[in-house]
Each structure stands twice: as structure tokens, then as C-alpha cells.
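Dear colleague,

I am passing on the structure below, and I would be glad if you could read it alongside the notes that come after it.

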Amino acid sequence: MKQRDRKVRRIAAVQARLHRIAEWQLMECQARENALQDRERRIIEGFNDEGKMPVLVTQVASRSLKAASVEHGVVARAKERLAAHARDEARKLKQALRMVHAAA
């Protein structure tokens, strides 16, 4: 019984670590998303503040806004994938903890 108990506890510890890693990845993705939103907001504010922006500056700003928008879509898809992964890891952790309680 002791060996089985140690094994189950080890599995639970590894699963808890995997769950924390998945949550950290999700938090990093959310931070990237927030940074992109801030970047987009600053570009749009630049458009709004300057009534007569030079054409060249307007073109550069619009390209930058388009690139940020594309990157925002990529980050949103990654965030969905990481959120699903974090939910899966949470489910596996719950199962492992149930095994620990059953073994105890």
C-alpha cells in the first residue's frame, strides 16, 4: 500500500505542476493580449489627436494598426487553445486528487 500511495501522490504532484504551467502560459498570453490592446489604443488615439497627420505617418500608423490587429487574432486563438489546455489540466488534477483521497 505504501508504494501505491507514494505513486499516487507523485502523480498528483506532477499533475499539479502541469496545471500551474498551463495557468502561467495562459496568463502570459493574456498579458500579450493586453499589450496589443494598449498598442492598438495608442495608435488610434494618435489618429484622433492629430487632425492633419502627414500622409507618410498615416500610412505607417495604419500598417502598424493592421499588424497589431493580425497579431491580436493570433493571440486570441492561442488564448483559446491555452484556456482549453488549462481546463484539461485542472480536470486531470482533480482526478489525481481523487485518487490520492481514495488511496488514503
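What follows is a short account of the core, the salt bridges and a surface patch.

Please bear in mind that this is a predicted model, in which local features need pLDDT of at least 70 and side-chain atom pairs count only at pLDDT 80 or more, while totals for chains, interfaces and linings use all residues. Residues are numbered from 1 along each chain as its sequence is written, and side-chain values use heavy atoms, with hydrogens and water left out.

The largest nonpolar core (buried Ala, Val, Leu, Ile, Met, Phe, Trp, Tyr and Cys residues joined through side-chain atoms within 4.5 Å; buried means under 20% relative accessible area, exposed over 50%, partly exposed in between, with a 1.4 Å probe and protein chains only) has eight residues, among them Leu26, Cys29 and Val75. Helices H1 and H2 (55-103) each supply at least two of its residues, and the largest share, five, comes from H2; helices here are DSSP runs of H or I with at least four residues, numbered from the N terminus.

There are six salt bridges, each being a side-chain nitrogen of Lys or Arg within 4 Å of a carboxyl oxygen of Asp or Glu. In one of them Glu33 pairs with Lys79 at 2.9 Å between the closest N and O atoms, which links H1 to H2 across 46 residues; Glu33 is buried at 11% relative accessibility, whereas Lys79 is partly exposed at 26%. Glu71 and Arg39 also form a salt bridge, at 3.8 Å.

Finally, Val14, Leu18, Ile21, Trp24 and Met27 make a nonpolar surface patch of about 470 Å², where patches join residues with over 30% relative accessible area and no salt bridge, like charges within 9 Å and nonpolar side chains (Val, Leu, Ile, Met, Phe, Trp, Tyr) within 5 Å, and accessible areas come from the Shrake-Rupley method with a 1.4 Å probe, only the protein chains shown counting as cover for residues.

With best regards
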